Each structure stands twice: as structure tokens, then as C-alpha cells.
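Trainee: Could you take me on a close look at one part of this structure? I'd like to start with an enclosed space inside it and then see what sits around it.

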Amino acid sequence: MGVGAGLLMTGGTAQAATTRRVFFGAYTTWSGGAKGIGVGTYDTANGQLKTTGVISGVVNPSFVIESRDGRFLYAVNENTKGEVTALDARSLKVLNKQPTGGADPCHLTLDPSGKFLITADYSSGSLSVFPVKADGSLGARTQKVQHKGSGPDPERQKGPHAHQIVFDPSGRHAFAVDLGADAVFGYTFAAGQLKLVSTAKFKPGAGPRHIAFHPNGKTAYVANELDSTIVSCAYADGKLTPGQVLKTAPPATVRNYPAEVLVSGDGKFVYLSNRGHDSVAHFAVNGSELALVGHTSVGGKYPRHITLDPSGQFLFAANQNSSLVTSFAVDRATGRLTPSGTPLKTEIPVCVLPTRLG
């Protein structure tokens, strides 16, 4: 983003404070909702967030990503008639929208080439594939994959609910996490087409929500929303093998729902957001398993999304039910989190996207 106007004193030496851009995904159709995608900055010295504007007219952009060159943004429109929106990251103008053909898309990803985008449509339990044009806009949907399956939870698992789609570190396989089917489906992706090659089943009623891969490509961690667990999985050749299961929060009177799971860039630590317990669980990586280090209060209510900034120095939490985004400094040696900066007030934040290129 450039050099800020302020100066920081470090060891008696004045250094220019720098800021980087950040975008906030939010709900717009809820009571008290946002006007669109929030736009802001954060201070790279202390993680302090601030808002600078909004990209209005984007409906329920509950998850937002950027292209690898930082020129474009892509957001789901989490509605019954699901859409995905492409935007110019510089001008902040909408390029176009495309219908997903599914209901309530809640996650999306670009393939390693950047030439295709895939959405996970929650309510319909489906995946949708779109070509990305040279100008960043999206072509019409070219493939729709329908999941099958159900689970024992009568309210949440009557049918499949695709909650996330991500590629493994090698980029050779894509994985769709399905809360309703208690499964993670593995796909190859070639010539713009998904092809199912593996299915990892989880405990009935677990409700897998999100997955994060260790950078070594040999382990992955699955956050289960409905039974408040995290599962360490062995990984090889497009196949996940579930192993160690840990609770993500201590027993409490309030039910807990894990949301986001992520791995530090050096692969030493895993973090998970607990909605209900309202904390970030901190795990140390111990070979193929995890060891719980502790919990850090998130400083808000119902942290739907957490993310690390590109430097790995800060963790941001989008606290949906308190309309706050909180910042934490990360101790790179221990992985511990310390509140940093003043919480940012913004309407129903559910995703934080610190940009890679400023």
C-alpha cells in the first residue's frame, strides 16, 4: 500500500510506518449488515486495522479471495440463487457476476494456473467451475459437481453441504469439505474439469467444515463444526487418512462450533477459531499429530474466520456476532498470540483478506 505518514521509533531510530490493504467479507442482507465488501488497511508494525471505504452493491460477499498477481478479487454471493462476483482490485469496480447454479456459495478458490475458479455451494452441496478470462472477469459455468450424502444431525445433515474447496500444496488435487455428508471429497483437476478420486469419511455427526494442509504436503487438519474436534489426517497421492482426534475447546455450557483452521507458514503451529467458546485454539505440530498449547480469547463473539497476514506476524479474526475484527501479534518462536491494536468495528465481518502485494 505504501509508506504511511506516521513515524515509528525503534531503538531510537525513526522508521516510516507502512500499511497494506485488507478486504472484509460480510453479510449485507442481515439486519445491521454491511453495504458490501469492506476496504481498509493494516499497519505492518502493530497490526492496527482501519477501514477506508466499501465496495457497495456486492451482496453477501461472505468469502473473498485475490488473484495471485493481486489484480483481481473474487467473492461469493451467499444467496439462495448463488452467484460469484469478479472485481478489479485497483479500481474496486465490479467486472461481472456469474450464477453458480447452486445455493448459498460460501467458499471459492482459484486453481494453480489461475485460469479457473471453483465455488463450494453450501445449501445445494455442489461445486461449480468457471473459466477466468484475461481481463479477470468470469466466463459462464462449465461444470457442476453434485455431492451426495447425509449425516445424523437432523437440522444440519439432511443432505450434502459443501463448505470449502481448496487445493493441496502440490496443486494436483482439490478437496471439497462437506459438512452434511461427513466427508472430504478429493478430486483431480485437469482441462478445467473436476474428477472424483477419493472420499475420506469422518465420524457420523462430526460435520467437517474446513481443511488446512501442512506445507510438507504429508498432513492435513480438518475442523469439525458439529462435534467440536480437529482431526489430523495423513495425506498422500490425493488420499486423506483420518487419524488423531482432539477436542478444540474445553467443556462449556455454550455449544462450540469450530470454523476456520490454518497452519503457520513454517508448519510449526495450527490455529482454529472456536465460535461459542470465542477463542483461537493454538496447537503445536508434533510429527503427524497435534498437541494443544492453549486458547486465546478472541476479543469478540463468534469468530467465523481467522487468517494470518502474508508475513505471518499477525493473525486477524472476523467476529461475526460482535461486528469486530481483532488483531493479534504472533510470537514466531512459540506461536502464542497477543492482542495488538484496537479492535476494528465493522458490520458483520465474516472474512478477512490481507493482500499479498500491498
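Mentor: Let's begin with the lining of the largest cavity, which divides into 3 nonpolar, 4 polar and 3 charged residues. Keep in mind that this is a predicted model. The residues around that space are Ser62, Phe63, Cys106, His163, Arg209, His210, Glu260, Arg304, His305 and Val350. The cavity has a volume of about 60 Å³. Two strands, β17 and β25, each give at least two residues to its lining.

How many cavities of 30 Å³ or more are there? The count comes to 2. The second largest holds about 50 Å³ of space, and its lining is made up of Arg21, Phe23, Glu66, Gly70, Leu73, Ala89, Arg90, Thr355, Leu357 and Gly358. Sorted by class, that lining has 4 nonpolar, 3 polar and 3 charged residues.

Now go back to β25 and follow the chain onward. β25 makes a hairpin with β26, with 5 residues between the two strands. In that turn you'll find glycine 312, which has a positive phi of about 80°. The two strands pair in the antiparallel sense over 5 bridges, and proline 303 has asparagine 319 in β26 as its bridge partner.

Is β26 (residues 314–319) mostly covered or mostly open? Mostly covered: 6 of its 6 residues are buried. You can check this face by face, with Phe314, Phe316 and Ala318 buried on one side, and Leu315, Ala317 and Asn319 buried on the other. On to the next partner: β26 also pairs with β27 (residues 324–330), in the antiparallel sense over 6 bridges. Here phenylalanine 314 stands opposite alanine 329 in β27. β26 and β27 form a hairpin too, with 4 residues between them, and serine 323 in the turn has a positive phi of about 50°.

β25 and β17 turn up again when we switch from cavities to pockets. The strands that each supply at least two residues to the lining of the largest pocket are β5, β9 (105–110), β13 (162–167), β17 (208–213), β21 (257–263), β25 (303–308) and β30 (349–354). That pocket has a volume of about 1400 Å³. It is lined by 38 residues, with Thr109, Val166, Leu262, Thr307 and Arg356 lying nearest its centre. By class, the lining has 23 nonpolar, 9 polar and 6 charged residues.

Two strands from that pocket list lead us to other places. Take β5 (64–66): it is an edge strand, as is β8 (94–99), and each of them pairs on one side only. They belong to an open sheet of 4 strands in the order β5-β6-β7-β8, with antiparallel pairing. From one strand to the next, the twist averages 20°. Inside that sheet, β6 (residues 72–77) and β7 (residues 83–88) pair over 6 bridges, and asparagine 77 stands opposite glutamate 83 in β7.

The other strand to follow is β13. Where does it reappear? In the largest nonpolar core, to which β10 (116–121), β11 (126–131), β13, β14 (173–178) and β15 (183–190) each supply at least two residues. Of the 16 residues in this core, the ones touching the most other members are Ile118, Leu127, Ile165, Tyr187, Phe189 and Leu194. The largest share, 4 residues, comes from β15.

Key: Residues are numbered from 1 along each chain as its sequence is written. This is a predicted model: local features need pLDDT of at least 70, side-chain atom pairs count only at pLDDT 80 or more; totals for chains, interfaces and linings use all residues. Side-chain values use heavy atoms; hydrogens and water are left out. Two strands pair if DSSP finds at least two bridges between them. Axes are lines fitted to C-alpha atoms, for helices over the stretch in contact, and angles run from 0 to 180 degrees between N-to-C directions. On a 1 Å grid over the protein atoms alone, a cavity is a set of points where a 1.4 Å probe fits but cannot get out, and a pocket is an open set with protein on both sides within 12 Å along at least five of seven lines; lining residues have an atom within 4 Å of a point. Grid points are joined across faces, edges and corners, and a volume is the space filled by probe spheres set on the points. Ala, Val, Leu, Ile, Met, Phe, Trp, Tyr, Cys and Pro count as nonpolar, Asp, Glu, Lys and Arg as charged, and the others, Gly among them, as polar. A nonpolar core is a set of buried Ala, Val, Leu, Ile, Met, Phe, Trp, Tyr and Cys residues joined through side-chain atoms within 4.5 Å. Buried means under 20% relative accessible area, exposed over 50%, partly exposed in between (1.4 Å probe, protein chains only).
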